[in-house]
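Trainee: I would like a close look at a single part of this structure. Please take me through the aromatic residues and what surrounds them.

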Amino acid sequence: MFIDTTAPVLSVTNIVDGQVISTADFTYRGTLADTPAGPKNVYFKFTQSATPDAIGTDPVGAGYTAVNAMSTTWTISKDNVAEGTTPEANKLHEGQWYLHLAADDTAGNLTSVETVDFIMDRKDPVAGETV
């Protein structure tokens, strides 16, 4: 018998702070490590606010989406708006975005929220346009 009181270790493996994404879709990837209990879920939320919503003890109740990470890896696939800043359901549009993440293990230990900021830029440049 073991007692696990330590939260798992959550890592994002294919995106870094400030990265520009310009593809029609993108799959965010990472790992979740935990011993002895083992990893369970990653919780995520995309926002345009650098400040994450409080996660409390019920991430799904706080508006985060759960992704199974019991295999120690996780992926989140997201479609992106073709161009512009007009929101479309379940798609990210142009601008600054924040991916807020947390995770738990099978013993119920929950990490704090970690945030990765990135820029969605699907619009083609215009000749002579100053940035």
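Mentor: Start with the cluster. Ring pairs link Phe 26, Tyr 28, Phe 44, Phe 46 and Phe 118. Keep in mind that this is a predicted model. Searching the whole structure gives five aromatic pairs. Take the one between Phe 44 and Phe 46. Their ring centres are 5.8 Å apart and their planes stand at 75 degrees. Planes over 60 degrees apart count as edge-to-face, so this pair is edge-to-face. Now check burial, where the cut-off is under 20% relative accessible area. Phe 44 has 13%, so Phe 44 is buried. Phe 46 has 14%, so Phe 46 is buried too.

Lys 45 has a ring partner of another kind. The charged end of Lys 45 sits over the ring of Tyr 64. The distance to the ring centre is 5.2 Å.

Go back to Phe 26, a member of the cluster. Phe 26 is among the residues that Asn 80 touches. Asn 80 belongs to strand β6, which covers residues 73-80. With a relative accessible area of 4%, Asn 80 is buried. Its side chain has a polar atom 2.9 Å from the backbone oxygen of Thr 23. Beyond four places in sequence, Asn 80 also touches Ile 21, Thr 23, Ala 24, Asp 25, Lys 91, Leu 92, Met 120 and Arg 122.

Two of those contacts, Ile 21 and Met 120, lead into strand pairing. Ile 21 has Met 120 in β9 as its bridge partner. Strand β2 (residues 19-21) and strand β9 (residues 114-120) run parallel, joined by three bridges. Strand β9 also pairs with strand β8 (residues 95-105). Here there are seven bridges, and the strands run antiparallel. One of the bridge partners is Glu 114 in β9, matched with Leu 101.

Finish in the loop between β8 and β9, where Thr 111 is placed. Is Thr 111 buried or exposed? Thr 111 is buried, at 9% relative accessible area. Leaving out neighbours within four places in sequence, Thr 111 is in contact with Ala 7, Pro 8, Ala 102 and Ala 103. Thr 51 lies 60 residues away from Thr 111 along the chain, and their C-alpha atoms are separated by 16 Å.

To retrace the route: the aromatic cluster includes Phe 26. Asn 80 touches Phe 26 and Met 120. Met 120 is the β9 partner of Ile 21.

Terms used. Residues numbered from 1 in each chain as written. Predicted model: local features only at pLDDT ≥ 70, side-chain atom pairs only at ≥ 80, totals over all residues. Heavy atoms only, no water. Phe/Tyr/Trp six-rings, centres within 6.5 Å; stacked < 30°, edge-to-face > 60°. Buried < 20%, exposed > 50% of the residue type's maximum accessible area, 1.4 Å probe, protein only. Lys NZ or Arg CZ within 6 Å of the ring centre and 35° of its normal. Helix = DSSP H or I, 4+ residues; strand = E, 2+ residues; numbered from the N terminus. Polar contact = N/O pair within 3.5 Å; in protein donor to acceptor, adjacent residues only side chain to side chain. Contact = heavy atoms within 4.5 Å. Pairing = 2+ DSSP bridges.
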